[in-house]
Amino acid sequence: MVSNCLTLHVPHHPTSPFLTSKNPKPSHSSIHLSFPSNFIKDFHAPYNSLAKNLPMKCSNSSIPITSPDFEFESDPTLTNEDLKPTTPSQRTFSGLEMASLWVGLVVGVPSYYLAGSLVDLGMAWWQGIATVVIGNMILLVPLILTGHPGTRYGISFPVLARSSFGIHGAHIPTLLRALVGCGWYGIESWIGGEAIFLLLPKSVKETSLSYYLPWLGLATITTNIAANVVAPANALVNLNPKWFTFRRGALLTALLGIVFQPWRLLKSSESFIYTWLVGYSALMGPIGGIVLADYYLIQKTNLSISDLYSRSP
């Protein structure tokens with residue numbers, strides 16, 4: 001049975017936007033979040049008139065999410081340890097580390113493969129490289145905009161998608177994003193494995209072991225993990241938090257990467273660009289636009305975290 005109410009404790013505090021308790025009880029299934037004062041000030045007004053320490057009891061079928069700044073009960077079918085918001089203390093990346101991560105997402109063989117495919121379709125070499133560079137610079141804008149809610153609230157994309165698509169509707173964009181990640185996982189692994197294969201001595205190439213080497217993908221492991229494993233794994237966890245964990249989602253991502261048969265997508269420049277790149281761009285572009293429009297224009301960057309973990313209207 002799904003709980004239809006929240007456990008709330010509201011102190012009379014001029015700068016508290018969330019439902020709070022001075023002495024929250026620790027729980028093995030709880031997480032702790034806190035927010036900076038400039039973020040808190042944006043939300044305090046509606047709660048100043050609430051009574052001090054007002055309790056609202058709820059059934060035991062929900063999972064408490066508590067912190068010194070807010071406390072609410074989450075629906076157990078909508079969360080697990082991998083979907084809970086991260087605490088500020090867990091967000092330890094510096095600006096340099098974040099930049100290094102983003103550079104690692106695009107510094108891979110497929111980036112140069114794309115430039116080569118454009119040259120194969122008629123561009124000059126410098127036009128192909130310039131197209132890839134300019135495209136990544138343009139893409140940086142929506143990447144930064146999309147990264148803001150995760151940095152501010154500590155939530156993953158599947159949880160953010162619940163705000164714009166609804167609890168059930170969020171499965172559509174997250175699973176589509178997962179399919180793209182699985183496809184790229186297969187492509188990255190295949191290209192990386194081929195690069196390793198070319199460096200092997202002839203004696204190894206002629207053995208049966210050489211058939212499996214393209215799937216090692218060691219040359220692109222940094223890009224693959226960050227760019228192509230996290231999103232599908234999170235999408236699968238969001239689909240069924242009770243069964244899927246991040247590890248299970250990552251393993252299934254690797255298997256689906258094989259199912260995509262990347263050697264077919266890479267057999268020609270036309271299939272790589274027009275079938276693969278243009279194909280999924282037609283899906284991901286509108287999804288990204290909807291998520292950004294909802295977050296910045298409708299929600300004004302102000303999300304109710306409790307609503308994203310509840311089936312109650």
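**Exercise 1. Work out whether Trp243 is buried, partly exposed or exposed, then look at its ring contacts.**

Step 1. Start with the cut-offs: buried means under 20% relative accessible area, exposed means over 50%, and partly exposed is in between (1.4 Å probe, protein chains only). Trp243 has a relative accessible area of 47%, so Trp243 is partly exposed.

Step 2. A quick word on the source: this is a predicted model, where local features need pLDDT of at least 70, side-chain atom pairs count only at pLDDT 80 or more, and totals for chains, interfaces and linings use all residues. Residues are numbered from 1 along each chain as its sequence is written, and side-chain values use heavy atoms, with hydrogens and water left out.

Step 3. Now the rings. Rings of Phe, Tyr and Trp (its six-membered ring) pair if their centres lie within 6.5 Å; planes under 30 degrees apart are stacked, over 60 edge-to-face, and the rest tilted. That rule gives eight aromatic pairs. Trp243 and Phe244 make an edge-to-face one, at 4.7 Å centre to centre and 85 degrees between the planes. Phe244 is buried, because its relative accessible area is 13%.

Step 4. Trp243 also has a charge over its ring (NZ of Lys or CZ of Arg within 6 Å of the ring centre and within 35 degrees of the ring normal). The charged end belongs to Arg248, 4.5 Å from the ring centre.

**Exercise 2. Find the ring geometry of Tyr295 and Tyr296, and say how covered each residue is.**

Step 1. The ring centres of Tyr295 and Tyr296 are 4.8 Å apart and the planes stand at 85 degrees, so this pair is edge-to-face.

Step 2. Tyr295 is buried at 1% relative accessible area, while Tyr296 is partly exposed at 24%.

**Exercise 3. Which residues touch the most other members of the largest nonpolar core?**

Step 1. A nonpolar core is a set of buried Ala, Val, Leu, Ile, Met, Phe, Trp, Tyr and Cys residues joined through side-chain atoms within 4.5 Å.

Step 2. This core has 29 residues, and the ones touching the most other members are Ile155, Trp184, Ile187, Phe272, Trp276 and Leu303. Elements giving two or more residues to this core are α5, α6, α8 and α11. The largest share, nine residues, is from α11.

Step 3. Zoom in on Ile155. Leaving out residues up to four places away in sequence, its contacts (heavy atoms within 4.5 Å) include Pro85, Leu160, Leu303 and Tyr309.

Step 4. Look at Tyr309 too: Arg162 lies over the face of its ring, 5.5 Å from the centre.

**Exercise 4. Which residues of helix α5 are buried, and what covers them?**

Step 1. Helices are DSSP runs (H or I, at least four residues), as are strands (E, at least two), numbered from the N terminus. The chain has eleven helices and two strands.

Step 2. In α5 (residues 157–165), the buried residues are Pro158, Val159, Leu160, Ala161, Arg162 and Ser163. Their cover includes α4, α6, α8 and α11.

Step 3. Just past α5, Gly166 takes a positive phi of about 90 degrees.

**Exercise 5. Is Lys84 buried or exposed, and what does its side chain contact?**

Step 1. Find Lys84 in the loop between β2 (71–74) and α2 (95–106). Lys84 is buried, since its relative accessible area is 7%.

Step 2. Its side chain makes a polar contact with the side chain of Glu81 at 3.1 Å. Such a contact is a pair of N or O atoms within 3.5 Å; within protein, one must be able to donate a hydrogen and the other to accept it, and residues adjacent in sequence count only if both atoms are side-chain atoms.
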